[in-house]
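Trainee: I've got the model open and some of the labels puzzle me. Can we go through them one at a time?
Mentor: Sure, let's have a look.

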Amino acid sequence: MGKMEFIAMMAMLMALNALAIDIMLPGLQEIGASLGVESENHRQYVISAYLLGFAIAQLAYGPLADRFGRRGPMLVGLGIYIAAAFAGAIAPTFASLLAMRVLHGIGSAATRVITVSIIRDVFGGRQMAEAMSLVMMVFMIVPVIAPGTGQVIMLFGEWHLIFVFMAFAGIAVTAWMALRLPETLDPADKRPFNLRSIGQAFGIVLGNRVALCYTLASTFIFGSLFGFINSAQQVYVGIYGLGTMFPVAFAAVAAFMALSSYLNSRLVGRFGMRRLSHTALIGFMTVSGIWFVLSLFGTIPFPLFLLLFALAMFQFGLIGSNFNALAMEPLGHVAGTASSVLGFMGTAGGGTIGALIGQAFNGTTTPLAAGFVSVAAMGLVFVLIAERGKLFQPHNKPV
């Protein structure tokens with residue numbers, strides 16, 4: 001398999017997760033009406049339930065992938081993803097739909113944990129950051145097209161067809177992976193699957209200052225993304241009245257994130273992960289602060305809101321892949337479990353933070369802007385701890 005096919009496959013595996021979130025956004029209002037959900041904010045549970053399953057299951061996939069290899073556990077997870085998508089299409093109540101969304105997230109967790117493990121098996125250091133950036137660039141194409149795809153699907157049928165579409169997308173990616181991807185785990189790196197071994201690996205991960213602090217920083221930053229995803233439909237449709245044009249605005253911001261991921265892949269080899277991500281974090285906090293202050297004076301005109309939000313998420317694209325690579329870099333010998341622990345912390349923590357931001361929605365963008373500023377500040381605190389107070393240093397420091 002060539003490098004570009006490998007990158008494309010890793011991106012498509014991870015994109016199944018983004019698809020399961022973003023394609024749902026245009027259908028939340030119809031799902032709520034169809035299944036008798038009275039509160040607008042409660043419709044966000046369709047996203048939160050998925051993230052719950054996605055977060056918890058990551059703890060299992062890493063140790064399994066370190067013991068049995070990458071292919072087997074990945075195929076099991078993909079099978080769960082496909083089955084849950086088909087089951088969601090026929091869910092008769094909102095409670096049963098949420099249960100299927102939890103199961104959907106459990107299956108999808110394999111695509112996050114094991115994909116990162118596979119990339120770490122093949123690449124290290126700045127090469128891993130470059131590969132992750134290219135994966136994220138392709139991965140970000142999904143948020144560009146997924147909401148519009150969901151909108152188009154509902155033009156020809158009800159929200160149930162969205163779940164059928166996800167199932168068939170899962171089948172296509174599963175077939176590609178099963179036919180083309182060899183096992184990437186070195187037999188010498190296999191770890192026994194028992195509580196002692198798993199506990200030792202968790203101790204290695206949690207005891208590494210750089211890995212832990214960059215994971216916590218990433219957790220807070222991803223909380224901003226989940227917060228926006230939860231309330232995106234309410235912001236674009238409820239505040240700005242975009243209606244069916246909502247996916248276009250959503251896609252425009254996602255395109256900025258894809259562009260920044262591509263630029264990161266071209267620049268990281270020259271400037272390094274720390275310089276790029278630290279600069280972007282400060283930029284993210286600055287733009288979010290401007291957005292928050294302006295929001296205090298009333299509804300921001302839509303063009304200005306879109307500009308500020310796109311600039312903030314452009315910085316986000318420079319942060320995510322680099323923080324992830326920095327967290328994984330010292331943990332290659334326990335890559336599966338490391339990806340599992342870091343993924344769980346990032347998703348569970350980020351999902352919880354995002355849910356709190358989303359539930360704070362009050363008909364304005366002020367809670368969202370306040371959330372962005374707060375998570376950026378917390379992210380900066382953990383980066384400073386990881387780097388012993390020194391930003392922009394180009395080389396790894398002793399842990």
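Mentor: Keep in mind that this is a predicted model. Let's start with helix 10, residues 209-239.

Trainee: How do you know that the span of helix 10 agrees with its number of residues?

Mentor: Set the two lengths side by side. At 1.5 Å a residue, its 31 residues should span 45 Å, and the end C-alpha atoms are 42 Å apart, so the two agree. There is still a kink of about 60° in helix 10, centred on Ser231.

Trainee: What makes helix 10 "mostly covered"?

Mentor: The count of buried residues: 24 of its 31. A residue is called buried because its relative accessible area is under 20%.

Trainee: And what caps the N-terminal end of helix 10?

Mentor: Asn208 does, with a side-chain oxygen 3.2 Å from the backbone nitrogen of Val210. Just after the helix, Gly241 takes a positive phi of about 60°.

Trainee: How does the reach of helix 15 compare with what is expected?

Mentor: Helix 15 covers residues 366-386, 21 in number, and its first and last C-alpha atoms are 31 Å apart, close to the expected 30 Å. Arg388 follows helix 15, and its phi is positive too, near 55°.

Trainee: Now the charged side chains. What makes Arg70 and Asp121 a salt bridge?

Mentor: Their side chains meet at 2.8 Å, N to O. The cut-off is 4 Å between a side-chain nitrogen of Lys or Arg and a carboxyl oxygen of Asp or Glu, so the pair qualifies.

Trainee: Why say that this pair ties parts together?

Mentor: Because Arg70 sits in the loop between helix 3 (45-68) and helix 4 (71-89), while Asp121 belongs to helix 5, and those parts are 51 residues apart in sequence.

Trainee: Are Arg70 and Asp121 buried or partly exposed?

Mentor: One of each. Arg70 has a relative accessible area of 2%, so it is buried. Asp121 comes out at 27%, so it is partly exposed, because that class lies between 20% and 50%.

Trainee: Which other salt bridges should I look at?

Mentor: Arg70 also meets Asp66, at 3.0 Å from N to O, and Asp66 is buried as well. Then there is Arg274 with Glu387, whose closest N and O atoms are 2.7 Å apart. That pair links Arg274 in helix 12 (residues 273-295) to Glu387 in the segment after helix 15, 113 residues apart. Both Arg274 and Glu387 are buried.

Trainee: What makes Asp66, Arg70 and Asp121 one network?

Mentor: Their salt bridges share partners, which joins the three residues. In the whole structure, a search finds four salt bridges.

Trainee: Why does Val113 count as buried?

Mentor: Because its relative accessibility is 0%, and the cut-off for buried is under 20%. Val113 lies in helix 5, residues 94-122. Its C-alpha is 9.5 Å from that of Ala57, a residue 56 positions away along the chain.

Trainee: Last one. Why is Phe271 called partly exposed?

Mentor: Its relative accessible area is 31%, and partly exposed runs from 20% to 50%, so Phe271 fits. Phe271 lies in helix 11, residues 246-271.

Trainee: Which residues make the nonpolar surface patch with Phe271?

Mentor: Leu259, Tyr262, Leu263 and Leu267 join Phe271 there, and the patch is about 380 Å². Patch residues need over 30% relative accessible area, so Phe271 at 31% passes that cut-off.

Key:
Residues are numbered from 1 along each chain as its sequence is written. This is a predicted model: local features need pLDDT of at least 70, side-chain atom pairs count only at pLDDT 80 or more; totals for chains, interfaces and linings use all residues. Side-chain values use heavy atoms; hydrogens and water are left out. Patches are made of residues with over 30% relative accessible area and no salt bridge: like charges are joined within 9 Å, nonpolar side chains (Val, Leu, Ile, Met, Phe, Trp, Tyr) within 5 Å. Accessible areas come from the Shrake-Rupley method with a 1.4 Å probe; for residues, only the protein chains shown count as cover. Helices (H or I, at least four residues) and strands (E, at least two) are DSSP runs, numbered from the N terminus. Buried means under 20% relative accessible area, exposed over 50%, partly exposed in between (1.4 Å probe, protein chains only). The expected span of a helix is 1.5 Å times one less than its number of residues. The bend at a residue is the angle between axes fitted to the seven residues ending there and the seven starting there. A polar contact is a pair of N or O atoms within 3.5 Å; within protein, one must be able to donate a hydrogen and the other to accept it, and residues adjacent in sequence count only if both atoms are side-chain atoms.
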